[in-house]
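Good morning, everyone, and thank you for making time for this short talk. Please have the picture open in front of you while I speak.

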Amino acid sequence: MTSMIGQRKSRFRLNRLDGILMVGLVAAAGWMWYRSAIGVAYRWDWPQALSTVFATGDAGETPFFLTGIYATLRLSLWGAVLASILGVLIGVGRYAGGRTLRMFCGTYIQILRNIPPLVFIFIFYFFISSQLMPLLGLDALFSRPAEEASGWQRFLFGPPALWENLVSGVLCISFISAAYIAEVVRAGLAAIPRGQWEAGESLGIPVLDRYRFVIFPQALARIAPPLTGQYISLVKDSSIVSLISVQELTFVGSEIANSSGLLFEVWLLVAFVYFLLCLSLSILLRQVERRMTRHFHQFA
Amino acid sequence: MIGLFRRPWVRRALSNWIQPAAIAGILVFAVMRGAENINYRWQWYRVDDFLFTSENGAWAAGPLVQGLFVTLEISVLSLILTLVIGLATALLRLSSSVVGRGLARGYLELIRNTPLLIQLYVMYFVLGPILGWGQTTTAIACLAAFQGAYTSEIFRAGLRTIPRGQVEAGDSLGLTRLDNYRYVILPQVLRNMLPPLTNEAVSLVKNSSIVSVIAIFDLTTQGRNLIADTFLTFEIWLTVAAIYLAVTLALSTAAAMAERRRAGA
Amino acid sequence: MSGDTPSIIAFEDVSKWFGTFQVLRDVDLSIGEGECVVICGPSGSGKSTLIRCINRLETHDRGTVRVHGVPLGPGERLPRELRGKIGMVFQSFNLFPHMTVLRNLALAPMRNLGMDKEKAEETALSYLERVHIGDQAEKYPDQLSGGQQQRVAIARALCMQPDILLFDEPTSSLDPEMIREVLDVIFELTDSGITMVCVTHEMGFARKVSDRVVFMDHGEIVESAAPDTFFDAPREERTRAFLNQILHYEASA
Ligand SMILES: Nc1ncnc2c1ncn2[C@@H]1O[C@H](COP(=O)(O)OP(=O)(O)OP(=O)(O)O)[C@@H](O)[C@H]1O
Ligand SMILES: [Mg+2]
């Protein structure tokens, strides 16, 4: 396997393409500046934008924008936890279940991965709010007086007034993400050679131990890289629950943008925050992944 | 008759289509029963009007079908743009140009680390006004910019796996560089990439529903508007989901078949 | 055949199908305790399937397989008391790649026999020495040569102190210079009292080590005889043809 293009030069040397691209970039930047400053006459006001965004409330509450960031973090964390649990269950069910179970898990994966997340969220939100909440008795839980929530509960789950809001968001994104994780898990399990199962069986290692000591550790090494990608997707996908009024970063951003009129600055800022979040998460997860799979030289 | 069910394509159709459809049907039924418990009145009979209307014996597309056409139109246009962006990015990444590689890298990181919805908002509220783009242009550009980042990986993989022997064989036969690309290299690259590219099309159709937030009258928007008018929430959402599912599953099946054919060849 | 010793494995009219394809045809075979039986035959003749029916990695569809006197009917898996008592050595080793050699050996005694870690590792080390690689205990499988890996696999099976050891072409994926070391280790096991069933194409080994050679073709047992008789005076035409082919090949190779 050799590439026909791309014999990389190791020395730093600019060629003709570099020149063309640089001229193009400068031209594009110039054009953008011209359009924004003269064409649409937008008056950038970063100081104003930053002070609006980070302004504390009258009674010294956390700035609205920051509550949005925290909410996105909580949403992502609990979403990832629930999605992982569901995803592993569905993935194992798809791989090792009986005929019926396999079929149900397969259908779940197939449908959730093939309809737009937005459509799923709208359907599911209506379903949750009209059915699931009353059914699980969650509405009773959430209508408790707010004073009962302890400090750590507030830290983990945010202000009690928004718990129901948070649960809707978590359920929505974890149900979607679970389908993708399940597929990753199934593929990881399917990639383990049959001989590994047979060796475990012929040695008389009990079934659950076979999973625990022989199969899962190996599957994990294969699953880890795509799983990392799924967690980052989950953080990104969490932005669409703003459309069912879950008060996370995107929702908060759009409130602030609309009320302040500083559309350009606020949206760029929101994008920047997501960028930082996802980038640091991917760096962090890559470290974890590397540490976890240190012993798997043969798969590296 | 029994033999029919042994045929590979029948079994494939069964597992790809009929089975999920049957189970989805069961789930919908469960939801319906559940909804009846909260006094939801089902009015499925009203849904066909939203698909097709007939006036004086002439059939016309209802709002949902119109929406589907808009969805397909946007998907097709952004698919074309996606291919251009994806190929350009892949070539830049494989090029010897420092600026080009940096540019491609930056673009990829930017797209991969921000949500599609935020990209859409930034394009719609910031870039669109600056460049004087309308909604449709913004939507297409946004979807293509997003998908292009992922498609470029496919192109990159495709371009990297051309065996040098093929290039040399073409050269040694005295083909011009252009003819070599046109008749020897590209056909091979394209054949390898067709299945994954079909999956990109599936992604595009799926992701296109997000442009409903900037008031484009696609399938999702039409659904939302109809619900606002009629309050037939479940009926309409389930119909919309079924339409999306039909389109994406049809494309996935095509991709799987192309893949199998390539593997078999 | 082996009327003097009680049989530990017995196939009684065993048949098996993969779909419509019959892999085993009315197999009758009885193997005595402590016996060493070599099974040979052309590719696809059902040798692997036959021995995998003993430890129930495959189940049969008709007839009875008796292991330790326990009758196993069609579709029946291995009963609990026999699990781990029938060791198996695979063509592709199937070591657990994410564990050190020592842990590969200690895992089953710990999880199946409930041995504590120290005892299990002590046992493991003693078996590693027995296959002459006591010094490789802390390595990972992919750091070993093929021959060493297969010897680890043999030691791993021995750790469960099995009564029966099954070998499915244990040297087929080895480089020629490593075949010898593995065969030597297997040879050293013959006076351990363990019943051994070995699928192999190593005819020299079969002659030297086995008590009996069984020839299979198309899912049937064609001939079963002591090695001397089998190689020097085969009764069946098919056996002769097979031997001719193999010996001819070995001579020309
Ligand atoms: N899981 C299976 N499904 C369908 N057919 C199978 C399966 N396993 C084996 N077979 C078929 O059964 C026949 C016998 O297989 P088996 O592995 O027992 O042969 P073998 O004698 O061990 O051959 P080899 O020397 O190649 O290992 C072969 O034709 C094989 O294709
Ligand atoms: Mg075999």
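I will begin with how the model should be read, then turn to a ligand site and finally to one residue in chain A.

This is a predicted model, in which local features need pLDDT of at least 70 and side-chain atom pairs count only at pLDDT 80 or more, while totals for chains, interfaces and linings use all residues. Residues are numbered from 1 along each chain as its sequence is written, chains are lettered from A and ligands numbered from 1 in the order in which they are written, and side-chain values use heavy atoms, with hydrogens and water left out.

Let us look at ligand 1, where the surrounding residues, those with a heavy atom within 4 Å of the ligand, include Phe18(C), Pro42(C), Lys47(C) and Glu169(C). Oxygen atoms of the ligand lie 2.6 Å from a polar side-chain atom of Ser48(C), 2.5 Å from one of Thr49(C), and 3.1 Å from a side-chain N or O atom of Glu169(C). Taken alone, ligand 1 exposes 630 Å², and the protein buries 60% of that, with areas from the Shrake-Rupley method and a 1.4 Å probe.

Now to Asp18(A), which sits in helix 1 of chain A, residues 16-39, a helix being a DSSP run of H or I with at least four residues. Asp18(A) is buried, with a relative accessible area of 0%, where buried means under 20%. Its side chain makes a polar contact, a donor and acceptor pair of N or O atoms within 3.5 Å, with the side chain of Ser97(B) at 2.5 Å.

Definitions and conventions:
Helices (H or I, at least four residues) and strands (E, at least two) are DSSP runs, numbered from the N terminus. Buried means under 20% relative accessible area, exposed over 50%, partly exposed in between (1.4 Å probe, protein chains only).
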